[in-house]
Amino acid sequence: MAKFIMFFMIFTISSVVGDGDYAYDYDDAYAPASASTISVPAPPPASTSPVPTPTPVPTPPSVPTPPPVPAPAPAVVPALFAFGDSLIDSGNNNQLFSFAKANYLPYGIDVGGPTGRFSNGYTILDQIGVLLGLPLLPSYSEEFNVDTMRYGVNYASAAAGILDVTGFHFVERIPFSYQIKNFENTLVNLIKNLSAPVVKEAIPKCIFFVGMGNNDYLNNYIMPAVYFSQDQYSPQKFAELLIHQYKAQLLKLYDLGARKFIISGIGQMGCIPSMLAETSGGGCSETVNEMVHPFNSKLRTMIIKLNKDLAGAHLIFLDMEYMFKDIFKNHKAYGFSVIDRGCCGLGKNQGEVTCLPFEIPCANRDEYLFWDAYHPTSAVNLLLGRMAFYNDANYSYPINIQHLALI
């Protein structure tokens, strides 16, 4: 997210976006449909997606090489629904009055042009989707199309947070609570087109990817000149506030039928280029990392408890903090040579001003950990997706995504 916002934006009125008008009350959405039931066809195979064919995750030399992972069967789950921020946004902010956009070159430079993804190519969600045998998810902002949206929808919005107020200085964005309302709208449309029994049976088999919390720190808690969260809460108390709200939001999805959840934690936020640019020695900001750690710890604990308390639910925790530590430590073994600056950006560590329109990025993008001041490169995103899908509890707890899909 760009920090070079004009001073007057600090005083702008908070604005969120969400559909408030429904075709009919959602409490009646699962009422028997009068139309005949339409069976949901199998999704197209993974080869229809332009995401590169997955390869086994490279393992540092000090770790025993695991046996080859067999290619997953196509259409492992009926659909994938995703909620999050700029790490997986694929264009929902494109039509908003927002400063949090990536709908210009050089974003998307390696996939034929900008799509709204904050990457030179793909996101972690894209990789997970193709491993599940699904096509790339359409953004919710696209006009409803049952032929594509029956396989899932991406509701993520750059600058969005668990808290509605988070990211208000970017003007319009879609907080998690409104993303859930948009999912309700999708359910209503799917029920109209496919019938209530079909949708009701399919939703518990679908996977729900949720990656929230990054902006509640990056664009809230660690911006004391704009927000007052640090004055009100210690890092522990702020994490408790977020987890309390997060739990209520996840329970709402559960009430709507979701049973299989992928919940992504926050990575090494103190080590992104924008944070590196603020430290005197150019190293990671351990202060920021320590602020964020309580959230990850409490999120993992919450997931363990929800797995016990919610009948039929299966939640897994993606330990992004551990994954990024692993990649930083073993970056050469993973094929990365540049870990301390962005590929596209200006200033110290290419992190003081994020990637500008038509800026010329680095040529060796696959060797960089970071694409811009805040986001990983496509190469890192694809690697993270494979790690989470195939690997052990160090990355994904208590099971990996491959196992979750087969439950």
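Biologist: How do the residues lining the largest cavity divide into nonpolar, polar and charged?

Modeller: In this predicted model, that lining has 16 nonpolar residues, 10 polar ones and one charged. Glycine goes in with the polar ones by the convention used here.

Biologist: What makes it a cavity, and how much space lies in it?

Modeller: A cavity is a set of points where a 1.4 Å probe fits but cannot get out. About 400 Å³ of space lies in the largest cavity. Its lining has 27 residues, with Leu87, Asn214, Gly267, Tyr374 and Pro376 nearest the centre.

Biologist: Which helices and strands each supply at least two residues of that lining?

Modeller: Strand β3 (207–211) does, along with the helices α5 (214–221), α10 (320–329) and α11.

Biologist: And how many cavities of 30 Å³ or more does the structure hold?

Modeller: Four. The second largest has about 110 Å³ of space. It is lined by 12 residues, and Arg150, Leu190, Leu194, Ala202 and Ile203 are the closest to its centre.

Biologist: What is the lining of that second largest cavity like by class?

Modeller: It comes out at 11 nonpolar, no polar and one charged. Both α3 (176–194) and α4 (196–202) supply at least two of the lining residues, and α4 has the largest share, with three.

Biologist: Back to α11, then. Why are α1 and α11 called oblique to each other?

Modeller: Helix α1 (residues 124–131) and helix α11 (residues 378–390) pack at about 45°, with axes 7 Å apart. Roughly parallel needs an angle under 35 degrees, and roughly perpendicular runs from 65 to 115. An angle of about 45° fits neither class, and the pair is therefore oblique.

Biologist: Which hand does the crossing have, and which residues make the contact?

Modeller: The crossing is right-handed. From α1 the contact takes Ile124, Gln127, Ile128 and Leu131, and from α11 it takes Asn381, Leu382, Leu384, Gly385, Arg386, Phe389 and Tyr390. That gives seven nonpolar, three polar and one charged residues.

Biologist: Where are the cis peptide bonds that involve proline 106 and proline 398?

Modeller: One joins leucine 105 to proline 106, with omega about 15°, and proline 106 sits in the loop between β1 (80–84) and α1. The bond from tyrosine 397 to proline 398 is cis too, omega being near 0°. Proline 398 belongs to the loop between β10 (396–397) and α12 (401–406).

Biologist: What makes valine 171 worth a mention?

Modeller: Valine 171 is not a glycine, yet its phi is positive, about 70°. You'll find valine 171 in the loop between β2 (152–154) and α3.

Conventions:
Residues are numbered from 1 along each chain as its sequence is written. This is a predicted model: local features need pLDDT of at least 70, side-chain atom pairs count only at pLDDT 80 or more; totals for chains, interfaces and linings use all residues. Side-chain values use heavy atoms; hydrogens and water are left out. Axes are lines fitted to C-alpha atoms, for helices over the stretch in contact, and angles run from 0 to 180 degrees between N-to-C directions. Helices (H or I, at least four residues) and strands (E, at least two) are DSSP runs, numbered from the N terminus. Angles under 35 degrees count as roughly parallel, over 145 as roughly antiparallel, 65 to 115 as roughly perpendicular and the rest as oblique. A crossing is left-handed if the near helix is turned anticlockwise from the far one by less than a right angle, and right-handed if clockwise. Contact means heavy atoms within 4.5 Å. On a 1 Å grid over the protein atoms alone, a cavity is a set of points where a 1.4 Å probe fits but cannot get out, and a pocket is an open set with protein on both sides within 12 Å along at least five of seven lines; lining residues have an atom within 4 Å of a point. Grid points are joined across faces, edges and corners, and a volume is the space filled by probe spheres set on the points.
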